[in-house]
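Q: Please take a close look at one part of this structure, a single glutamine and its surroundings, and then place it beside the charged pairs found elsewhere in the chain.

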Amino acid sequence: VFQYPIRPASMTYDDVTHLSAKIKPKQQKVELEMAIDTLNPNYCRSKGEQIALNVDGTCTDETNTYSSKLMDKQTFCSSQAASNVSRYAAAVYRKGELHLTPLHGILQLRPSFTYLDKADAKHREREAANEGGDSSQDEAEDDVKQITVRFSRPETEQARQRRVQSYEFLQKRQAEEHWVHLHYYGLKDSRSEHERQYLFSQAHGLAENTELIKSPSEYLMMLMPPSVEEENDKPVAPSNVLSMAQLRTLPLADQIKILMKNVKVMPFANLMSLLGSGTDSTAVLRCIQQVAMLVQGNWVVKSDVLYPKDTSSPHSGVPAEVLCRGRDFVMWKFTQGRWVVRKEVAAVTKLCPEDVKDFLEHMSVARINKGWEFMLPYDEDFVKKHPDIVQRQHMLWMGIQAKLEKVYNLLKEHLTPKKQETQSGHPLVVSGEQRVNMAKARVKQNYGQLEKEFQKQKAELKSNDASAKMDISNIRIKEEPVSDEEPMDTLAYEGMNNGVVNGLHAEEDSMDTLNGHLPGGCGDRVAQELKAFVSSTFKKQFVLTLSELKRLFNLHLASLPPGHTLFSGISDKMLQDMVLDTGCKQILVPFPPQTAASPDELKVYALWEAGDTYDQHRQVLLEIFSKNYRVRRNVIQNQLSQECGEDVNKQEVDRVLK
């Protein structure tokens with residue numbers, strides 16, 4: 001049974017001479033050709049003749065579409081009306097009984113306009129013939145042209161898969177299948193009546209069908225079972241369109257990852273509202289830090305979530321690792337200020353403009369003649385409520401900054417944020433009286449908070465006064481030489497210290513700090529934690545510069561819980577002394593004087609004794625590098641053989657060098 005959108009006036013179901021059909025079984029494709037009543041008063045004869053002339057031209061042969069020189073027929077071509085029809089059925093109601101027959105396919109017939117393509121081809125042929133006829137007959141033969149012969153390369157498996165999935169290949173395969181011509185039977189034909197009988201169930205009574213002796217709900221469940229195919233075909237994580245009902249069935253970590261991957265930038269309050277009521281904010285904070293970074297109090301999805309490993313840029317083909325590095329630079333620039341200039345990002349990252357534009361569109365909005373502004377305002381509420389999260393994120397950004405400095409060779413102008421006044425929007429006009437009133441209100445507000453904090457700290461100092469007054473013999477006073485070295489920046493920002501210098505309270509009457517050292521047991525705990533970190537780090541790396549060690553230490557701090565003893569403040573000198581105390585030695589490598597390395601990169605420390613069989617080989621190698629910073633491999637192998645008293649093979653040299 002075929003359904004079609006129009007019905008010619010002269011056609012009836014019994015008029016089989018005016019209808020023909022053909023089918024391609026593999027493609028489930030049907031073409032139906034029906035006659036048009038050319039004698040109908042609604043038929044425009046001149047238009048029909050013009051269409052036939054455009055399609056077939058003036059010549060008459062067997063290939064003509066319209067043999068009568070009139071458009072006297074219309075072709076209808078089928079298309080799939082639904083991808084999955086297993087839950088559809090054809091119903092026939094007779095004598096109080098409803099008979100259902102399952103469907104295996106639904107086709108929709110639409111008019112086919114392939115004759116217009118044929119008319120266009122004829123028109124192009126006529127134009128080409130006219131252009132060829134206008135050329136001069138006396139024109140000399142064309143000059144001999146040089147041609148280049150190229151041999152096709154052997155097709156790879158990846159290229160073959162792309163070719164098989166291409167539109168041209170699919171069209172070619174569809175054209176190769178031959179049409180099977182069908183014979184049409186009218187509505188009142190005996191064959192049609194015989195086929196219609198199959199729509200009715202042959203079972204009379206319910207005794208023969210025990211499946212129908214069930215409750216209405218069970219019968220409906222049997223009639224409309226849950227589709228297993230659809231459940232298997234559903235994507236685990238929707239890419240473009242998110243169903244909130246389906247999203248909330250996933251684990252919390254997957255929900256947050258999908259939301260951040262689609263939204264890119266989101267305040268924490270908006271994220272909590274999307275996750276629904278009753279969601280634990282602590283669990284959300286723990287999960288959001290795995291897929292996003294904090295920028296100006298808002299959460300921005302991590303680069304490795306958007307650009308997974310083994311992927312590449314759709315614009316330039318750059319691998320994901322390079323894209324992540326470039327996007328991290330853009331995110332880090334927004335941690336320094338509200339504005340970023342696109343040309344500056346492109347000059348530093350050396351990426352194509354399309355990739356840089358994608359990075360900026362993820363988290364900012366373009367402003368004419370100003371640059372790109374971060375799309376969300378600074379979230380002060382989140383920063384005030386969660387200072388520990390802010391501090392930990394600051395530590396992570398310090399590690400990322402150190403890595404970016406090494407990769408991109410960033411200059412000071414890239415590291416220092418530009419003044420906001422030069423890139424601000426429309427100036428805000430405030431009178432002098434308003435400024436004074438605003439300043440007074442701010443002072444009153446801050447004074448009350450500072451007074452409460454001061455009284456609280458004073459009470460804590462008095463309660464701990466007894467423990468602070470310890471025996472002078474138990475106090476270790478260490479005279480350190482005056483050094484230009486700065487203490488390591490292990491705090492999120494200076495405003496979070498609340499009167500804390502290098503992590504320690506600096507009260508006039510406080511006995512907690514003596515010459516920068518921690519008292520008694522607290523100092524021992526810090527020393528033990530620091531020694532454990534240094535020992536485990538050098539057992540993995542063996543050789544480290546001071547710059548790399550500080551970067552690893554900052555990453556270690558970022559992984560610690562808030563309030564850990566190592567947050568009390570560790571200076572560069574304390575870190576270097578601990579390295580020497582753990583059995584490491586400083587290797588004075590004679591680097592060339594014109595080197596561009598920083599002072600921290602020139603300080604090299606190495607584990608002298610690891611307790612394995614290669615201690616002696618490692619010590620000989622370190623002695624070699626203390627005399628020259630660049631040594632040939634054969635010199636190293638000869639020196640190792642002489643010092644160790646045995647022939648050292650290539651594999652052993654490789655292991656020691658590694």
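**A glutamine in a loop, and the salt bridges**

A: Gln-296 sits in the loop that joins strand 9 (292-295) to strand 10 (298-301). The model is a predicted one, and the values below are computed from it. With a relative accessible area of 10%, Gln-296 is buried, because this value falls under the 20% limit for that class.

The side chain of Gln-296 has a polar atom 2.7 Å from the backbone oxygen of Phe-334. Phe-334 also appears among the residues in contact with Gln-296 once neighbours within four places in sequence are set aside. The others in that list are Gly-337, Arg-338, Phe-374, Leu-376, Pro-377, Tyr-378 and Asp-379.

One of these contacts, Arg-338, leads to the charged groups. Arg-338 is linked with Arg-367 and Glu-373 in a network of salt bridges. Side chains of opposite charge can pair when their charged atoms come close. The count of salt bridges comes to 14, and three further pairs are described here.

The pair Glu-49 and Arg-45 forms a salt bridge in which the closest N and O atoms are 3.7 Å apart. This pair counts as a salt bridge because its distance is within the 4 Å cut-off. Both residues belong to helix 1 (residues 45-56), where they are 4 residues apart, about one turn of the helix. Glu-49 is partly exposed, with a relative accessible area of 40%, and Arg-45 is likewise partly exposed, at 45%.

Another salt bridge brings together the side chains of Lys-406 and Glu-548, at 3.3 Å from N to O. Here the pair links distant parts of the chain: Lys-406 lies in helix 17 (residues 387-408) and Glu-548 in helix 22 (residues 546-558), 142 residues apart. Glu-548 is buried, its relative accessible area being 18%.

Helix 22 also holds Lys-550, whose side chain meets that of Asp-600 in a salt bridge of 2.9 Å, N to O. This pair, too, links distant parts of the chain, since Asp-600 is in helix 24 (residues 599-602), 50 residues from Lys-550. Lys-550 is buried at a relative accessible area of 18%, whereas Asp-600 is partly exposed at 22%. The two residues fall into separate classes because the limit for buried is under 20%.

In summary, Gln-296 is a buried residue of the loop between strand 9 and strand 10. Its contact Arg-338 takes part in a network of salt bridges with Arg-367 and Glu-373.

Notes
Residues are numbered from 1 along each chain as its sequence is written. This is a predicted model: local features need pLDDT of at least 70, side-chain atom pairs count only at pLDDT 80 or more; totals for chains, interfaces and linings use all residues. Side-chain values use heavy atoms; hydrogens and water are left out. Helices (H or I, at least four residues) and strands (E, at least two) are DSSP runs, numbered from the N terminus. Buried means under 20% relative accessible area, exposed over 50%, partly exposed in between (1.4 Å probe, protein chains only). A polar contact is a pair of N or O atoms within 3.5 Å; within protein, one must be able to donate a hydrogen and the other to accept it, and residues adjacent in sequence count only if both atoms are side-chain atoms. Contact means heavy atoms within 4.5 Å.
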